[in-house]
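Trainee: I would like to practise reading a protein model. Can we go through one together?

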Amino acid sequence: MNNFWETSDNQTIESKSTFDASNNFEPIPNNTDVLCVVESAAWANNQYNGDYIAIEWQVLSPDTYGKRKIFQNIKVMHDNEKTADKAKKMLATIDFNSGGKMLASGEQPDDAMLGKSLTGKQMILKLQVWEMAGDDGQTRSGNWVCAVSSKKDAKASKPVDDDIDF
């Protein structure tokens, strides 16, 4: 009988007080264009952001960053109307580059429509770096999507205003 707590290379997993699955990647540098594919898109909710659309992007190229994930929270229901409007414009651009079916419907997309319309679509993302201090005093950083463009037209990516409300 196999031990559940054994890894695929037959090593026994030991108890530890912390686990870091991040692989300690440095963020992708500011203003870097990457080819990505939408892996998932669905509604999410948390106490800080309320209802938003969560998109998981898989980086395809350049190879230097291949296999990395970019998580984008599109705050289309934000209390600040300008933030919500910018988020809807971002979602509309992603939809346009995916065939434009959601915007054409005129309806608020549900999880099924988000998944069907966006999953598997490739686009060019222009990334920026965010930084913030954690409760433990450590500075954390990662990437956020400032622009989206068609895979065919990488030069046309136009940044969204920098005052994104995290």
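Mentor: Short questions and answers on this model follow.

Mentor: This is a predicted model, where local features need pLDDT of at least 70, side-chain atom pairs count only at pLDDT 80 or more, and totals for chains, interfaces and linings use all residues. Residues are numbered from 1 along each chain as its sequence is written, and side-chain values use heavy atoms, with hydrogens and water left out.

Trainee: In what order do the elements of the protein run from the N terminus?

Mentor: Helices (H or I, at least four residues) and strands (E, at least two) are DSSP runs, numbered from the N terminus. The protein has 3 helices and 5 strands. Their order is β-β-β-α-α-α-β-β.

Trainee: What share of the 166 residues counts as buried?

Mentor: Buried means under 20% relative accessible area, exposed over 50%, and partly exposed in between (1.4 Å probe, protein chains only). Of the 166 residues, the buried share is 33%.

Trainee: How far does helix H1 reach from its first C-alpha to its last?

Mentor: H1 covers residues 81-96, which is 16 residues. The expected span is 1.5 Å times one less than the number of residues. That gives 22 Å expected, and the helix comes close to it, with a reach of 22 Å.

Trainee: Which strands are included in what covers the buried residues of H1?

Mentor: The buried residues of H1 include Ala-84, Met-90, Leu-91 and Ile-94. Their cover includes helices H2 and H3. The strands included are S2, S3, S4 and S5.

Trainee: Which residue forms a salt bridge with Lys-126?

Mentor: A salt bridge is a side-chain nitrogen of Lys or Arg within 4 Å of a carboxyl oxygen of Asp or Glu. Here the closest N and O atoms are 3.1 Å apart. The pair links strand S4 to strand S1, 93 residues apart. The partner of Lys-126 is Asp-33.

Trainee: Is Lys-126 buried or exposed?

Mentor: Look at the relative accessible area, which is 14% for Lys-126. Asp-33, at 32%, is partly exposed. Lys-126 is buried.

Trainee: How far apart are the closest N and O atoms of Glu-39 and Lys-69?

Mentor: Glu-39 lies in strand S1 and Lys-69 in strand S3, so the salt bridge ties together parts 30 residues apart in sequence. Glu-56 is linked with both in a network of salt bridges. The closest N and O atoms of Glu-39 and Lys-69 are apart by 2.5 Å.

How values were computed:
Contact means heavy atoms within 4.5 Å.
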